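Q: Got a minute to go through this fold with me? I'd like to start with the strands and then move on to a helix.

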Amino acid sequence: SVFIYGETGTGKELFAQSIHYESQRRENPFLAQNCAALPASLLEGILFGTSKGGFTGAVDRAGLFEQANGGTLLLDEISAMPYDLQSKLLRVLQEDYIRRVGGTSDIPIDVRIIATVNEPPEKLIAEGKLRKDLYYRLNVVSIAIPPLRDRKDDIPVLTDAFLEKHNKKYNKEVWMVSEPALARLCGYNYPGNVRELENIIVQSVAMAETEHVLTERLLQMPM
């Protein structure tokens, strides 16, 4: 299991994908679920699946654990998972099998879990949002992704990558960044991290007309 901590927008899912596609599991599925996106009643069924007759309207449906068998399951914002559901997840990690909601049979699974949080795990544990035993079970390999403001050497590299990506998308030819524009990009603190930088570049490329150089005039960002 891998546990990734990083502020919102630092690229945690990209790291998770990189881990999966450079591993021996790369030929098998990579699935992701944001634990904050669904209520507990739905999340349990989506993770573990449902059995017909288990409750009103239930059908036989494989959950994400079964679908990701042999591969990787990313549980994003795992601290948003209800506390009682965290205990069920802990049991799955300990026993390597799941039981569908409403089901009676145990289904063996082989899934690598990558969990992410956007606040320090110690803080989440102290606030009762993350089970301590689940954290220690998941925290086999720990990765802390620094915010963009602490790795500003990455900004020119990321800017070039985003220019290439969004030139193609918007059929533009903004291939260079002027020195004043780059200095301004590097001087900003990015509370939204890499996602905010990409949004700035997207807007600049989209607003460009015939320019080949991204200048300060095209940058729509706080001073």
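**Strand pairing and a helix face**

A: Sure. This is a predicted model, and in it Leu 31 stands opposite Leu 73 in β3.

Q: Okay, so which strand is joined to β3 there, and how do the two run?

A: That's β2, residues 30-34; five bridges join it to β3, and the two run parallel.

Q: What about β6, how many bridges does β3 have with that one?

A: Four, again in the parallel sense, with β6 covering residues 112-117. In that pairing Leu 75 of β3 stands opposite Ala 115.

Q: Is β3 largely enclosed or exposed, then?

A: Largely enclosed by the rest of the structure, because five of the five residues in 72-76 are buried.

Q: Which of its residues point which way?

A: Thr 72, Leu 74 and Asp 76 point one way, while Leu 73 and Leu 75 point the other way. All of them are buried.

Q: Switching to α8: which residues are buried there?

A: The helix spans residues 179-186, and its buried residues are Ala 181, Arg 184 and Leu 185. Looking down the axis of α8, those fall within an arc of 100°, so they line one face of the helix.

Q: And which exposed residues sit on the face turned away from the buried side of α8?

A: Glu 179 and Ala 183.

Q: Last one: what covers the buried residues of α8?

A: The cover includes two helices, α7 (154-170) and α9 (193-207), plus the strands β8 (176-177) and β9 (213-214).

Definitions and conventions:
Residues numbered from 1 in each chain as written. Predicted model: local features only at pLDDT ≥ 70, side-chain atom pairs only at ≥ 80, totals over all residues. Heavy atoms only, no water. Buried < 20%, exposed > 50% of the residue type's maximum accessible area, 1.4 Å probe, protein only. Arc of directions from axis to C-beta. Contact = heavy atoms within 4.5 Å. Pairing = 2+ DSSP bridges.
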